[in-house]
Amino acid sequence: MSQTEQLLTVLDVGSAMTRVLVAELHDGALRYRGHGMAESTGMRKGLIADLKQATHCINKAATTAEAMAQGTIDKCVVGIGGAHIRGLNSRGGVSLGTRLREITREDVRAAVDRARSVSLPSDRDVIHLLPQQFILDEQPGIHDPVGMVGNRLEVNLHISTASASALQSIVTCANKAGLEVTESVFEAIAAAEATVSADERELGSCMIDIGAGSTELVVFFEGSVAHTSVIPIGGDHFTNDLAVGLHISPPEADWIKCNYGHAVVTSVSSSNEIELQGMPGHTPRMVRQRYVSEILEPRARELFCLLRDNLRQGGVLEALGAGCVLTGGGSRLPGLLDTAESLLRVPARIGTPVPLSRMPEELISPENAALVGMLLYAHRTSVTRAAEDQGLRAKLRAIFAGSL
């Protein structure tokens, strides 16, 4: 295996930052090799608005990562997010004949294909087919029916779709930057890979990834994905509220949010004051820190009210036995955990990604959860595919040997 084949690369084109992370396979495990970051330009509301600028950002981040990794990267797994993501549940199955017989991997694929054959608009691309449970002869709750015996196999399936044009724009930018996209991953599912434990998935948990342009969520119940969605509110909306309310520039508003912001007004002292530089040509002035929170709190409550309504509409609001996990750069705002617990009425915690071997401390942060999770997801799926391919080759060898 060449050095290029040993490297696994992921690309996260966010509204605020473009990130590339490279790892190598070492004795079957992932080991950090390098990363690169660039401030995102050419993006608007989570979508690519200028191909040339977005391509430049990807190329800049990839070049930095390649130099750190000291190896050539030409393929990548890309993260997909934004308000265009849609999720739906479907059910389908296949009859196995009148006599009992053993379930094969091909039967499982046939059942999944039947369940995925729902009518989708022409501008939608399927990015994930996620089996929730299999039903064998009306017996539910089966996670892997291969090897079992029955007459009819059905599957409850969660389907995640994305805008075909939005997905193609990211692929085009990556290609122009010299990277071939081998797979796309919904960023919330990737973030959950690095932050949500197996016990939380079993009991019921909601992973909430608060990005710059939107908030993506995925709900797990009984170990499987039960619901995915996107709320069109992110960290930039908090920043813009401050910029308008305080009459300051967006960069200064972002600095104020990160250093003095709080999502709960009553948690801020009424006597604290901060100095604002204001717009060019205006003299600096003082403003109460509590006034900053008075601007941020309504937006925080709006976000979690929309999220609560979304979960209720999806039928999963009462399924969060393990609570919720907040990640993404927007989750750093103090007071958001209190707001989440107050409105969702479940425990909440901040999710930081599981560190890879030799990974720098700076990457072990909520805003990098999706990036690290994409590596873990890509590694797991590649291992699964390799095992299936090996099983298929063994089966073909057995058939060939039997025909001699």
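Arg 201 sits over the face of Phe 220, at 4.3 Å from the ring centre. The model in which this is seen is a predicted one.

A second arrangement involves two aromatic rings. A pair of aromatic rings is described by the distance of the centres and the angle of the planes. The rule used here gives a count of one aromatic pair. That pair is made by Trp 255 and Tyr 260, whose ring centres are 5.8 Å apart and whose planes are at 65° to each other. The arrangement is edge-to-face, because planes over 60 degrees apart are counted that way. Trp 255 is partly exposed, with a relative accessible area of 47%, and Tyr 260 is likewise partly exposed, at 29%.

**The open sheet**

Five strands make up an open sheet, and their order is S3-S2-S1-S6-S13, with mixed pairing. Which strands stand at the edges? They are S3 (29–39) and S13 (180–186); each has a single partner strand, so one side of each is left without a neighbour in the sheet. From one strand to the next, the twist averages 25°.

Within this sheet, S1 (residues 7–13) and S2 (residues 17–26) run antiparallel and are joined by seven bridges. Val 13 is placed opposite Thr 18 in S2.

Helix H4 (residues 164–176) packs on the sheet, where it touches S1, S6 (75–80) and S13. The direction of H4 makes about 140° with that of S13. Helix H5 (residues 187–195) lies across S1, S6 and S13, and runs at about 80° to S13.

**Positive phi values**

Two residues other than glycine have a positive phi, His 247 and Arg 358. The table gives their values and places.

| Residue | Phi | Loop between | Relative accessible area |
|---|---|---|---|
| His 247 | near 60° | helix H7 (235–246) and helix H8 (250–260) | 56% |
| Arg 358 | near 70° | strand S20 (348–350) and helix H11 (369–403) | 61% |

Is His 247 buried or exposed? His 247 is exposed, because its relative accessible area of 56% is over the 50% cut-off. Arg 358 is exposed as well, at 61%.

**A buried serine**

Ser 224 belongs to strand S16 (residues 224–231). With 7% relative accessibility, Ser 224 counts as buried, because the limit for that word is under 20%. Leaving aside residues up to four places away in sequence, Ser 224 is in contact with Pro 131, Gln 132, His 143 and Val 219.

Definitions and conventions. Residues numbered from 1 in each chain as written. Predicted model: local features only at pLDDT ≥ 70, side-chain atom pairs only at ≥ 80, totals over all residues. Heavy atoms only, no water. Helix = DSSP H or I, 4+ residues; strand = E, 2+ residues; numbered from the N terminus. Buried < 20%, exposed > 50% of the residue type's maximum accessible area, 1.4 Å probe, protein only. Contact = heavy atoms within 4.5 Å. Phe/Tyr/Trp six-rings, centres within 6.5 Å; stacked < 30°, edge-to-face > 60°. Lys NZ or Arg CZ within 6 Å of the ring centre and 35° of its normal. Pairing = 2+ DSSP bridges. Axes fitted to C-alpha atoms, helices over the stretch in contact; angles between N-to-C directions.
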